[in-house]
Amino acid sequence: MEHELKYDEKNEVVVLSSNANLKLIDIEPLSENLKNLLEGKKFRQLISIISDVYVVENRETREALADALSKLQLSEVAFVGGSAYNRIMAKVLIKTGIVKLNGDFFKTLEEAIEWLKSKR
């Protein structure tokens with residue numbers, strides 16, 4: 001798997017960085033790791049750095065991702081970077097309610113962190 005998931009202690013947020021296409025086989029391990037990282041944490045927030053992600057594999061992968069994220073009960077998700085296509089797809093999923101997230105898009109990691117902190 002070419003995706004890094006870590007907990008940023010200083011900012012109290014989980015950070016997902018991807019450097020490859022998101023595939024269906026990635027969803028379950030990412031979801032499980034995210035669940036473990038969030039266990040016992042005060043804030044259930046995620047920063048998804050999508051600058052280097054080219055595509056989500058297919059519709060089945062998008063649906064699995066939406067389902068996994070919904071089950072994690074994240075309070076907010078900040079998306080950093082990404083291609084115009086990825087931003088549009090994520091916005092559609094959020095705005096239509098397919099993915100039940102409070103999310104927004106940012107150009108920099110610092111902007112994303114400030115927005116998440118303002119939601120606490």
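Two strands count as paired if DSSP finds at least two bridges between them. Keep that in mind for the exercises below, which all use a predicted model.

**Exercise 1. How do strand 1 and strand 2 pair, and over how many bridges?**

Solution.
- Start with the ranges: strand 1 covers residues 3-8, and strand 2 covers residues 13-18.
- Now look at the bridges. Leu5 has Leu16 of strand 2 as its bridge partner, while Lys6 is matched with Val15.
- Put together, the two strands pair in the antiparallel sense, over six bridges.
- Finish with the connection: the strands make a hairpin with four residues between them. One residue to check in the turn is Glu12, whose phi is positive, at about 55 degrees.

**Exercise 2. Which residues of strand 1 lie on its covered face, and which on its uncovered one?**

Solution.
- Begin with the general rule: side chains in a regular strand alternate between the two faces of the sheet.
- Then sort the residues. His3, Leu5 and Tyr7 belong to the covered face; Glu4, Lys6 and Asp8 belong to the uncovered one.

**Exercise 3. What is the strand order of the open sheet, and which strands are at its edges?**

Solution.
- The open sheet has five strands in the order 1-2-3-4-5, and the pairing is mixed.
- Strand 1 and strand 5 (103-106) are the edge strands, since each pairs on one side only.
- From one strand to the next, the twist averages 20 degrees.
- Now add helix 4 (residues 109-118), which packs on the sheet and touches strand 2, strand 3 (45-49), strand 4 (76-80) and strand 5. Its direction makes about 165 degrees with that of strand 4.

**Exercise 4. At what angle do helix 1 and helix 2 pack, and how far apart are their axes?**

Solution.
- Helix 1 (residues 24-38) packs against helix 2 at about 10 degrees, with the axes 9 Å apart.
- Angles under 35 degrees count as roughly parallel, so these two helices are roughly parallel to each other.
- Who makes the contact? Helix 1 brings Leu24, Ile27, Ser31 and Leu34, and helix 2 brings Glu60, Thr61, Ala64, Leu65, Ala68 and Leu69.
- Sorted by class, that contact has seven nonpolar, two polar and one charged residues.

**Exercise 5. Is Thr61 buried or exposed?**

Solution.
- First place the residue: Thr61 is in helix 2 (residues 59-71).
- Its relative accessibility is 0%. The cut-off for buried is under 20%, so Thr61 counts as buried.
- As for its surroundings, leaving aside neighbours within four places in sequence, Thr61 contacts Leu22, Lys23, Leu24, Ile27 and Val56.

Notes
Residues numbered from 1 in each chain as written. Predicted model: local features only at pLDDT ≥ 70, side-chain atom pairs only at ≥ 80, totals over all residues. Heavy atoms only, no water. Buried < 20%, exposed > 50% of the residue type's maximum accessible area, 1.4 Å probe, protein only. Contact = heavy atoms within 4.5 Å. Axes fitted to C-alpha atoms, helices over the stretch in contact; angles between N-to-C directions. Parallel < 35°, antiparallel > 145°, perpendicular 65-115°, else oblique. Nonpolar A, V, L, I, M, F, W, Y, C, P; charged D, E, K, R; others polar.
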